Protein chains: 2
Amino acid sequence: MLGALGTIGGEIRQTRPFASAAEEAVVTLVATASRVREGLSDVCGRRGVTLQQYNVLRILRGAGDAGLPTLDIAARMIERSPGITRLIDRLEARRLVRRKRCPSDRRQVLCHSTNDALRLLAELDLPMAEAASRCFAPLEDARTLEIVALLDQVRAACGAVQRPETLAEKTRSRH
Amino acid sequence: MLGALGTIGGEIRQTRPFASAAEEAVVTLVATASRVREGLSDVCGRRGVTLQQYNVLRILRGAGDAGLPTLDIAARMIERSPGITRLIDRLEARRLVRRKRCPSDRRQVLCHSTNDALRLLAELDLPMAEAASRCFAPLEDARTLEIVALLDQVRAACGAVQRPETLAEKTRSRH
DNA sequence: GCCTTTTACTTGACTGGTCAAGCACCTGCG
DNA sequence: CGCAGGTGCTTGACCAGTCAAGTAAAAGGC
């Protein structure tokens, strides 16, 4: 384990082996996600959007014409983002998002995808899918889904204490 | 798959299933790492350091009295960090790092851990290890190491194009 | 019908991260 | 020895993310 080829221990030139399997896994997980993220970020970056912005645009595309209130977008993001307002500000400035106050609840601001955004997403769909495939290319689909299943358990374990169900979510699941 | 409990599809309330295993895996990977990162970040945060700063301090502890030049630290970081100089600036301002010019190569700046830093790390060792264990608690060690092995392959696949071996690394491996 | 509480953001001040350019220093090569 | 080119950082300008406090609207009492 001490500096073996292809392992994190080797890559970051660590002098001592990991104290536990969990510690090694945490480091490997964060490092791997970081690399994958860079690859995707790079693809988005070529079209002038960050990965977070891309994520928002995809969420809005999925929401369709109805649009989505600001905090609902935040709740669906892959990575938590408290700066959601400003993030969308920038997208609105670039005419990738339109906002309007919700008539039935004037506290909410409904966000909509614009045609520019849909065009941008259409351009990004293929390269993003390719970037994802490239990362998991050495693994068969079965192995890939195995990772997914294992990671789901990890998220459940740390997410349980980390991100307690919000009130909004509780309310939603009640009906 | 469409919104099943405990899966990413359910958690982020996605309306359509994923187009491919790779895309699902990418989303799951980034989301999971993000949650794990938050948990660790939170532990560090209570002692006033970011996860990146903690990583630097650990690297310097590992380096011992010899210290380590700035860019060597950057190379060993779990997440790539071009802002390494400023990151260390902040650590130096808080007296967690000492810097001095290397006498044999005056371009390099050798960074050293201070006693304050060692004390801080000693305080963080246990809670950080616990946070890591908590994330992987539902998995047996064998399953945990299975994830590590799979993720190593993913990193190799996207890292190959993403982060080509630097010249410095080539030089080092030559002797 | 008012008054508290909750929700859904928004704003301001700040910290931290990123990119590009620059400077000091070393390393060969003629 | 001098100088072209590479290395190792640092700096400045910018942008994105974070935290705390504030505002406006809805919801729920009494």
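**How two chains meet, and how one helix sits**

Mentor: Welcome! In this predicted model, the contact takes 59 residues from chain A and 59 residues from chain B.

Trainee: What makes a residue part of that contact?

Mentor: Its C-beta atom, placed from the backbone, must lie within 7 Å of one in the other residue. On the side of chain A that touches chain B, α2 (21–46), α6 (115–136) and α7 (141–162) each give two or more residues. The largest share, 19 residues, comes from α2(A). By type, that side has 29 nonpolar, 15 polar and 15 charged residues.

Trainee: How do you know how the two copies are related?

Mentor: A turn of 180° with a shift of 0.0 Å along the axis lays chain A on chain B, at an RMSD of 0.0 Å. The copies are therefore related as by a two-fold rotation axis. The same surface serves both, since 100% of the contact residues of chain A recur in chain B.

Trainee: Now α5(A): why are its buried residues said to be on the same side?

Mentor: Happy to explain! The buried residues of this helix (84–93) are L87(A), I88(A) and L91(A). They cover an arc of only 90° around the axis, so they are on the same side of α5(A).

Trainee: What makes a residue there count as buried or exposed?

Mentor: Buried means 20 or more other C-beta atoms within 10 Å of its own; exposed means 12 or fewer. T85(A), R86(A) and A93(A) are exposed, on the face turned away from the buried side. The buried residues pack against α3 (51–63), α4 (70–76), β2 (97–101) and β3 (109–113) of chain A.

Definitions and conventions:
Residues numbered from 1 in each chain as written. Chains lettered and ligands numbered in written order. Predicted model: local features only at pLDDT ≥ 70, side-chain atom pairs only at ≥ 80, totals over all residues. Least-squares fit on C-alpha atoms with pLDDT ≥ 70 in both. Contact = placed C-beta atoms within 7 Å. Helix = DSSP H or I, 4+ residues; strand = E, 2+ residues; numbered from the N terminus. Nonpolar A, V, L, I, M, F, W, Y, C, P; charged D, E, K, R; others polar. Arc of directions from axis to C-beta.
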